[in-house]
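Visitor: I am new to protein structures. Could you teach me to read one, feature by feature?

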Amino acid sequence: MIVKADLHIHSVISPCADLEMSPVNIVMRAAEMGLKLIAVTDHNSTLHGPLIRTLAEQHGIYCLYGAEVNTREEIHCLCLVDTEDQRQLLQAFIEQNITRIPNNPDIFGYQVVVNEHDEIVQEVDYLLHAALVKGIDEIAEFVHGIGGVFIPAHVDRPKYSVTSQLGFVPPSLSYDALEISRNTTVDSFKRNNPIKPNTQFIRNSDSHFLSQIGTSYTEYNLENLSFKCFKDSILNTGSSTVLPVI
């Protein structure tokens, strides 16, 4: 089956996201846009994952657990997992390694967890934009160690990307794919950045507002709607595939 996927969406817990980015609103917008596979990848947090997965299932949408993790080098990376045990391991790893800076909502924005009625049930008091004390290689190793998928985010952007922070994509970096933004093409990125052969590319919306969800996406040809088939497509280890991103 051909599946339309947006795997980089921020919810209201991300301090930079609009306050309308509640789990209910995200799922409704994803359904309107015809998405069948999503991931809510908040800055250094997985806390909205369980509720959004439950809500998404009611619309025939599969939601991966994940986070956009900020490395010691200030590189943003998508870390995607499947099970609740894996999500809890990823959340614990983040909480143990994030630099604890008190959040000032007036400067950075609110960081709230809400329920299915959009009622606030928790507020995170440390800044989720902060970097972890772990480097990109250590984070990749951890994510792979728990069975997850590791994808450096918006690698073409002039800040918070592997190319902006390091100047290049290290050939030794153990990534599963690279995410490019809507502002470039795969061919253009390859011309300017030497990368490993057969590197897989994906594109997502990096949504912070409801109107952005699904405006950039990748299509996957999956045997079925599951993390296993998604992972097979990313790793080229089965009959599921990623359709070419141009």
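Visitor: Let me start with strand pairing. Which residue in β2 is the bridge partner of I9?

Guide: Before the answer, a caution: this is a predicted model. The bridge partner of I9 in β2 is V40. That bridge belongs to a wider pairing. β1 and β2 (residues 37-40) pair in the parallel sense over 3 bridges.

Visitor: How does the chain get from β1 to β2?

Guide: Follow the path between the strands. The chain leaves β1, passes through helix α1 (residues 23-32) and arrives at β2. This β-α-β crossover is right-handed.

Visitor: In which sense do β1 and β10 pair?

Guide: In the antiparallel sense, over 4 bridges, with β10 covering residues 218-221. Look for K4: it stands opposite E219 in β10.

Visitor: Where do side chains point in a strand?

Guide: In a regular strand they alternate between the two faces of the sheet.

Visitor: Is β1 largely enclosed or open?

Guide: Count its buried residues. In strand β1 (residues 2-9), 7 of the 8 residues are buried, so the rest of the structure largely encloses β1.

Visitor: Now the inside. Which residues touch the most other members of the largest nonpolar core?

Guide: That core has 36 residues, and V69, C79, L90, L132, I139 and F150 touch the most other members. Next, ask which elements supply it. Those giving two or more residues are β3 (62-70), β4 (76-81), α3 (84-97), α5 (136-145), β8 (178-180) and α7 (186-192). α5 gives the most, with 5 residues.

Visitor: What does C79 contact, beyond its neighbours within four places in sequence?

Guide: Its contacts include Y65, G66, A67 and V69. L90, I139, V143, V149 and F150 are also in contact with C79. There is a second, separate core as well. It has 21 residues, among them L7, L64, Y220 and L222.

Visitor: C79 is a cysteine. How many disulfides are there?

Guide: The way to check is by distance: two cysteine sulfur atoms must lie within 2.5 Å. By this rule the count is 0.

Visitor: Why is C63 not bonded to C79?

Guide: The closest cysteine sulfur to that of C63 is in C79, 15 Å away, and that is too far for a bond. C63 is buried, with a relative accessible area of 1%.

Visitor: And which cysteine sulfur is nearest to C229?

Guide: That of C63, 17 Å away, and C229 is in no disulfide. C229 is buried too, with a relative accessible area of 5%.

Key:
Residues numbered from 1 in each chain as written. Predicted model: local features only at pLDDT ≥ 70, side-chain atom pairs only at ≥ 80, totals over all residues. Heavy atoms only, no water. Core = buried A, V, L, I, M, F, W, Y, C linked by side-chain atoms within 4.5 Å. Buried < 20%, exposed > 50% of the residue type's maximum accessible area, 1.4 Å probe, protein only. Contact = heavy atoms within 4.5 Å. Pairing = 2+ DSSP bridges. Right-handed = clockwise from strand over helix to strand, strands pointing away.
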